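Reader: I am new to this structure and would like to go through it slowly, one question at a time. Please show it to me before we begin.

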Amino acid sequence: MIMLIAIGAGIAVFTGIGAGIGIGMATSKAVDAIARQPEAEGKISKALLLGCALAEATAIYGFVIALLIILFLK
């Protein structure tokens with residue numbers, strides 16, 4: 001019982017950490033790319049926003065799965 005709660009909490013933490021690291025790396029690379037080619041800022045920004053949205057969706061899915069494990073597998 002307690003093991004399932006720990007697994008659920010672990011999944012939520014790891015997906016949140018993974019999304020944070022991914023968004024940080026993507027933002028860093030986007031800023032570097034914009035600094036090198038300022039005229040491509042529009043295309044880079046669109047790709048960055050799409051990537052950040054997908055990373056956040058992954059974190060939200062992980063959080064939902066963790067909640068399901070914690071609440072319904074008791």
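Reader: In which helix does lysine 43 lie, and is lysine 43 buried or exposed?

Author: This is a predicted model, in which local features need pLDDT of at least 70 and side-chain atom pairs count only at pLDDT 80 or more, while totals for chains, interfaces and linings use all residues. Residues are numbered from 1 along each chain as its sequence is written, and side-chain values use heavy atoms, with hydrogens and water left out. Lysine 43 lies in helix H2, where helices are DSSP runs (H or I, at least four residues) numbered from the N terminus. Its relative accessibility is 70%, and buried means under 20% relative accessible area, exposed over 50% and partly exposed in between (1.4 Å probe, protein chains only), so lysine 43 counts as exposed.

Reader: Is lysine 46 buried or exposed?

Author: Lysine 46 is also a residue of helix H2. Its relative accessibility is 65%, and therefore lysine 46 counts as exposed.

Reader: Is alanine 55 buried or exposed?

Author: Alanine 55 is found in helix H2. Because its relative accessible area is 18%, alanine 55 is buried.

Reader: How are H1 and H2 oriented to each other?

Author: The axes of helix H1 (residues 2-36) and helix H2 (residues 41-72) come within 7 Å and cross at roughly 175°. Such axes are lines fitted to C-alpha atoms, for helices over the stretch in contact, and angles run from 0 to 180 degrees between N-to-C directions. Angles over 145 degrees count as roughly antiparallel, and H1 and H2 are therefore roughly antiparallel.

Reader: How many nonpolar, polar and charged residues are in the contact of H1 with H2?

Author: Ala, Val, Leu, Ile, Met, Phe, Trp, Tyr, Cys and Pro count as nonpolar, Asp, Glu, Lys and Arg as charged, and the others, Gly among them, as polar. On that basis, the residues of the contact of H1 with H2 divide into 20 nonpolar, 6 polar and 2 charged.

Reader: What separates the C-alpha atoms of alanine 12 and phenylalanine 63 in space?

Author: Alanine 12 is found in helix H1, and at 22% relative accessibility it counts as partly exposed. Alanine 12 and phenylalanine 63 are 51 residues apart along the chain, and their C-alpha atoms are separated by 4.7 Å.

Reader: How far apart in space are lysine 46 and isoleucine 2, C-alpha to C-alpha?

Author: Lysine 46 and isoleucine 2 are 44 residues apart in sequence. In space, C-alpha to C-alpha, they are apart by 43 Å.

How values were computed: Helices (H or I, at least four residues) and strands (E, at least two) are DSSP runs, numbered from the N terminus. Angles under 35 degrees count as roughly parallel, over 145 as roughly antiparallel, 65 to 115 as roughly perpendicular and the rest as oblique.
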